[in-house]
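Here are a few warm-up exercises on reading a protein model. Try each task yourself before you look at the solution.

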Amino acid sequence: MHRVAVLALDGVVPFELGIPARVFGAARDAAGHPLYSVITCSPDGRPVRADADYELTVAHDASVLASVDTVVIAPSRRLGPIRSEGLLPDPLRDALAAVRPGTRMVAICTGAYVLAAMGLLDRRPATTHWREADRLQRLFTRVRVDPDVLFVDDGDVLTSAGVAAGIDLCLHIVRRDFGSEVAAEAARSCVVPPWREGGQAQYVRRPVPAPADSGTAPTRAWVLERIGEPVTLADMAAHAGVSVRTFTRRFRDEVGTSPGVWLVRQRTERARHLLESTDWPVDTVAARAGLGTGASLRLHLRAAVGVSPHAYRRTFRASQSSGLTGHGS
């Protein structure tokens, strides 16, 4: 069983604090057995003041960080010198010293400040809530902050944008560890989509479009129904009954990315599912997912998850045969 510890600091945001236990707790194997064990701790084991009118009592202190596979830093609104000067207070630094080398480190929202202050994000891509992205970049100039994405997976270090993006990140981790079927079931249990389209750019405040400037959802659904067929940008625009230029603008406003990038992402996700759930040859998987050839699938899958189709399928099958444990990917 994969062990996860969630670290709560004073000022912790309760919603995001509860995300890992809820999402990882919903991940089960085919027999219904839990795949993760999730515990919550504070640096000294004492209650922490939430970003609300109550305190939260935790069952553990930071010594448990030495015995887990993944550490999640929950966001806090009282980061003090971490957010203002980029410095970890000595008690927190001492607490984090318990983390073993090789432990997967995850930050939700402003938890990215903690990872950055630890030096774990130097010269690496990361994200945080879009309102905090500029400050994080100014304070930690060696971090490659991307304010537009919902989460960043850089292998052993992962970060997410704010609030519900923590759900997206945790579901991604489940998908990475145990495959898309397990992640889809966990998402279904949590009554959330298994994969949210676009990035957080779509949530940045901007003028509300007029009713005539919206409505690409039916066309997206139409495309997904024929994901294995050749579908061009012109086809999408024709289905929506607008010009290519108008469709592209509306699509980007609604989804936060271009139609082409979205379509490749959907086809790559379909290919991942087929690699996990079938024994079809790579060329067949590529064709059924709309990616054309095995060479194209290899290119897009490596860009998405860093491995070849054969390695992806081998890793997933190995995780199944070993009881679905470990990091996957």
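The exercises below go from the whole chain down to single residues.

This is a predicted model, so local features need pLDDT of at least 70, side-chain atom pairs count only at pLDDT 80 or more, and totals for chains, interfaces and linings use all residues. Residues are numbered from 1 along each chain as its sequence is written, and side-chain values use heavy atoms, with hydrogens and water left out.

**Exercise 1.** Work out whether the radius of gyration agrees with a compact globule.

Solution. Start with the rule: 2.2 Å times the number of residues to the power 0.38, with the radius taken over C-alpha atoms. For 329 residues that puts a compact globule near 20 Å. The protein has 21 Å, which agrees. Its C-alpha trace spans about 60 × 50 × 35 Å along the principal axes.

**Exercise 2.** Count the helices and strands.

Solution. Take DSSP runs numbered from the N terminus: helices are H or I with at least four residues, strands are E with at least two. That gives 14 helices and 10 strands.

**Exercise 3.** Place Arg123 and say if it is buried or exposed.

Solution. First, find the loop between helix H4 (111–117) and strand E7 (125–126); Arg123 sits there. Next, check its backbone: phi is positive, about 60°, though Arg123 is not a glycine. Last, apply the cut-offs (buried under 20% relative accessible area, exposed over 50%, partly exposed in between, with a 1.4 Å probe and protein chains only). At 55%, Arg123 is exposed.

**Exercise 4.** Do likewise for Val163.

Solution. Val163 lies in the loop between strand E10 (157–160) and helix H6 (165–178). Its phi is positive too, near 55°. With a relative accessible area of 40%, Val163 is partly exposed.
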